[in-house]
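Student: Please take a close look at one part for me. I would like to see how two helices pack against each other.

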Amino acid sequence: MDTRRERMITTKWGEFMIIVMQEKATPQDVEDVVNRVKKFGYTPKLMEGEFRTVIAALGDGRDKAQLQALESLHHVESVMPILKPYKLCSREVRRENTVIDVNGVKIGGNTLVVMAGPCSVEGLDQLMQTAKACKAAGAQILRGGAFKPRTSPYSFQGMEEEGLKLLRTVSDETGMPIVTEVMNPREVDLVHQYTDIMQIGARNVQNFSLLKEVGRLTKPILLKRGLSTTIEEWLMSAEYILSEGNNKVILCERGIRTFEKATRNTLDLSAVPVAKDLTHLPVIVDPSHGVGYWQWVASMSKAAVAAGADGLMIEVHWKPEEAFSDGPQSLKPEKFAALMVELKKVAAAVGREL
Ligand code: PEP
Ligand code: MN
């Protein structure tokens with residue numbers, strides 16, 4: 001069955017079963033089940049965990065009884081339907097946390113990961129100085145936008161490819177992996193050439209063509225929650241990426257739109273424990289876009305770590321008053337460094353490292 005037809009069938013009926021292998025199952029046992037699943041007309045997707053392998057069987061629901069009967073095999077522990085609408089990103093499919101390795105930086109493990117840097121890439125000096133300060137304070141990953149999703153077409157739109165080149169130069173010099181936004185399926189190839197993590201912004205969380213496009217890559221994807229997407233819709237967007245074959249998705253809560261105007265958005269920290277329960281994917285928090293004012297970024301960063309986030313994305317600018325975008329919510333390097341000291345204590349209090 002070709003993948004196009006496979007997808008049509010699974011979207012039409014969406015039948016998913018998971019086959020949990022016994023802990024002692026051998027690779028031959030797994031292969032045996034994979035072959036049987038194929039024989040019944042289902043598509044197997046392997047999810048290898050630390051202790052056991054799980055095979056997700058995607059199909060149209062026919063011969064479900066045969067699939068269920070696989071439970072009688074000695075190397076199969078259980079066969080059950082996946083009840084949640086999101087499947088591959090669900091904890092039902094994979095109980096262990098997914099840990100994503102970005103050039104040696106592990107996201108989703110016990111050590112918290114802090115991504116810091118300016119909202120927009122504005123020039124070499126600005127990026128280099130900010131990156132060095134963030135790294136010295138303990139940030140592991142450099143953020144910076146080269147393609148900017150602005151509300152107004154008259155606002156600064158980003159340095160585009162020139163900005164990507166600067167990010168690469170600074171990454172090579174500092175050794176920090178980078179995360180930058182891709183806004184358009186047409187620019188996926190270009191951004192892919194330069195970055196270590198592809199960011200999908202809040203406004204594009206339901207741009208399904210873009211999600212499918214990045215789903216075909218092997219590079220990690222940072223998926224922001226949309227301004228008004230429910231947690232379930234956000235996970236369905238992650239599912240788009242996983243269903244195309246890319247399991248390396250990092251979720252990022254960045255605030256949702258509510259009636260409250262004192263903050264730019266309402267940072268939904270309850271999304272952290274909820275998402276961590278529902279999915280095995282890492283969940284990080286962006287308090288900068290969440291609150292919109294630098295004064296409140298530190299409190300919400302600490303609260304995010306206490307709530308169980310796997311990391312943070314924080315905007316830092318060497319001269320926030322001159323920033324091309326998001327100056328009011330950007331921390332100066334010295335404020336960021338002071339926050340990192342505080343964060344270490346909160347991390348220790350909840351059994352994490354930083
Ligand atoms: C950003 O990270 O600079 C950004 C535009 O974020 P969001 O998509 O969450 O608004
Ligand atoms: Mn920003």
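Tutor: What follows is a walk through one helix pair, then a second pair and a ligand site for context. Keep in mind that this is a predicted model.

Start with helix H7, residues 208-215, and helix H8, residues 231-243. Their axes come within 7 Å. They cross at roughly 40 degrees. Angles under 35 degrees count as roughly parallel, and 65 to 115 as roughly perpendicular. H7 and H8 are therefore oblique to each other. The crossing of H7 past H8 is right-handed. Now find the residues that touch. H7 brings Phe208, Leu211, Lys212, Val214 and Gly215. H8 answers with Ser237, Tyr240 and Ile241. By class, five residues of this contact are nonpolar, two are polar and one is charged.

Next, turn to H11, residues 297-306, and H12, residues 333-349. Here the axes lie 9 Å apart, at an angle of about 25 degrees. That angle makes H11 roughly parallel to H12. This crossing is right-handed. On the H11 side sit Ala298, Ser301, Lys302, Val305 and Ala306. They meet Leu339, Glu342, Leu343, Val346 and Ala347 of H12. The contact of H11 with H12 holds seven nonpolar residues, one polar and two charged.

Last, the ligand site. Ligand 1 is surrounded by 13 residues, and the closest include Arg143, Lys148 and Lys224. Look at its oxygen atoms. One is 2.6 Å from a side-chain N or O atom of Arg254. For Ala202, a polar backbone atom is 2.8 Å from an oxygen atom of ligand 1. For Gln199, a side-chain N or O atom is 3.0 Å from an oxygen atom of the ligand.

Note on methods:
Residues numbered from 1 in each chain as written. Chains lettered and ligands numbered in written order. Predicted model: local features only at pLDDT ≥ 70, side-chain atom pairs only at ≥ 80, totals over all residues. Heavy atoms only, no water. Axes fitted to C-alpha atoms, helices over the stretch in contact; angles between N-to-C directions. Helix = DSSP H or I, 4+ residues; strand = E, 2+ residues; numbered from the N terminus. Parallel < 35°, antiparallel > 145°, perpendicular 65-115°, else oblique. Left-handed = near helix turned anticlockwise from the far one by under 90°. Contact = heavy atoms within 4.5 Å. Nonpolar A, V, L, I, M, F, W, Y, C, P; charged D, E, K, R; others polar. Near = heavy atom within 4 Å. Polar contact = N/O pair within 3.5 Å; in protein donor to acceptor, adjacent residues only side chain to side chain.
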